[in-house]
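Reader: I am new to this structure and should like to learn how its features are read. Might we take them one at a time?

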Amino acid sequence: MKHKRFIIFFMIVSTVFLSGCWDRQELQDLDIVSAIGIDKGGNTSENRYLVTVQVFNEGQIATAGGQGVKSMSAPVTTYSAVGSTVEEAIRKVMPKSPQELFFPHVQLMVIGEELARKKGIHDLFDFIERDSQFRTLFPILVVRDNTAKTLLQITTPLEDVPSAKIVGGLESTTKIRGEYASTRADQVIQQLERGETANLTGVQITGDPEKGNKMTNIQEISPKTAIEIRGLAIFKKGKLKKWLDEDTARGAIWINNELKKTVIDLNCEKVKKGIAAEVMRTKTKIKAEIKNQKPVIQITVKSEGHLSEVHCPIDLSKHTSIEKLENQMEKEIKEEVMMAVKEAKKQKTDIFRFSEYINRENPKLWKEIKKKWNDEIFPETKINVNVKAFIRRSGLRTKSYIK
């Protein structure tokens, strides 16, 4: 009898703890945020930040994905507000939305260039780490020559949701061109925690932003306004110092060992940049050495690839021909790496975190030079670059039909 009473009591108590989703939220009661933009607000503490959220129009997206007729309403809507903190600005945005804002599905965060240059980005990520609604796996980009609010209002062809288009463009650019890297929020936070330098990829509006804020922008075969991934922003003490572009930006990606794939143009006979070599695998190793109580950085890059296009009469069946192209490829990679090193030294910003290698090699020396590393020692530090490149294949043709 006692056992039966105990079992009944246990079952009653269990129903309390196993009662299901007591704090559930129905999807129809939520407005899902796809992207967040942060800009410089006013000049007082009350309106320090301008925050913009891009919200899914679930009905429009569902219609586009199904068999129904697509309406002319926009697939997303943006709301903006100012506040003394990012959190306050978000709270002010909420009354403008018909439903509760839902942040776990944020795909992207963008930062306006003016904010990045004048105030910096050090204070922008504290609320993300403290709020359990946010996941720190979304990429962060800097809006070049414009505001985050304007970027999030641009309509995009092929992809209904602008934030998804930007993220997709960033991923494809990283995989194919190799000039820029996708930096997640948690990685940016780690960069800022480990030192005073950081680097973020840029995104730029091309064309007229006002026309880009209209649905007519995507009704043309060639839209008047577009969004493209462009530039690598380097930060010092949390503030944007310089933009790196093209080969210089790719040189920085080589050093940071973030490059996945890319194409290098090589000269052939009298044809300048007549051969395209596609890099398929690459690995960079960095080592710090101490000579005469001074740090010396050794960078070793090993790359492998194949020839994807030839515009000159060259016999690729000959070993000497491949060897010449490999030497040229090594020279090209080294030049790009040194361009990035030169620019970082000029800005007195160790975006490659050579300091960490010095600290591991000689902690005592690092303590002595830590405070003057970026401004005095790094610009004068000797950096050696060694590149080994291998062309593994020439494709299905060894002799070009071009004569």
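Author: Let us begin with pairing: two strands pair if DSSP finds at least two bridges between them. Please bear in mind that this is a predicted model.

Reader: How many bridges join strand β11 to strand β12, and do they run parallel or antiparallel?

Author: Strand β11 (residues 271-291) and strand β12 (residues 294-310) run antiparallel and are joined by 16 bridges. Within this pair, I275 stands opposite V310 of β12.

Reader: Which residue takes a positive phi in the hairpin of β11 and β12?

Author: That residue is N292, with a phi near 55°; the hairpin has 2 residues between the strands.

Reader: In which sense does β12 pair with strand β13?

Author: Here the strands run parallel: 11 bridges join β12 to β13 (residues 382-393). V301 stands opposite V387 of β13.

Reader: In which sense do strand β8 and strand β9 pair?

Author: Strands β8 (residues 226-236) and β9 (residues 239-244) pair in the antiparallel sense, over 5 bridges. A233 has W243, in β9, as its bridge partner. Between these strands the hairpin has 2 residues, and K237 takes a positive phi near 55°.

Reader: How is the length of helix α11 to be checked against its number of residues?

Author: The check multiplies a rise of 1.5 Å a residue along the helix. Helix α11 (residues 319-346) has 28 residues, so it should span 40 Å; the C-alpha atoms at its ends are 41 Å apart, which agrees. α11 is followed by K348, whose phi is positive, near 55°.

Reader: What should one look for in the nonpolar core?

Author: In soluble globular proteins, nonpolar side chains tend to be buried together. In this model the largest nonpolar core has 65 residues, of which I255, I299, M329, F352 and F354 touch the most other members. Helix α11 gives the largest share of this core, 8 residues. Apart from it lies another core, of 39 residues, including V33, I36, Y79 and I189.

Reader: With which residues is I299 in contact, leaving aside its neighbours within four places in sequence?

Author: Among them are I255, T284, I286, V337, F354, I383 and V385.

Reader: Where is L50 placed, and how far in space is L50 from L115?

Author: L50 lies in strand β2 (residues 49-56). Although L50 and L115 are 65 residues apart in sequence, their C-alpha atoms are 9.7 Å apart in space. Beyond its neighbours within four places in sequence, L50 is in contact with residues including G37, I38, S80, V82 and K149.

Technical notes. Residues numbered from 1 in each chain as written. Predicted model: local features only at pLDDT ≥ 70, side-chain atom pairs only at ≥ 80, totals over all residues. Heavy atoms only, no water. Helix = DSSP H or I, 4+ residues; strand = E, 2+ residues; numbered from the N terminus. Contact = heavy atoms within 4.5 Å. Expected span 1.5 Å × (residues − 1). Core = buried A, V, L, I, M, F, W, Y, C linked by side-chain atoms within 4.5 Å. Buried < 20%, exposed > 50% of the residue type's maximum accessible area, 1.4 Å probe, protein only.
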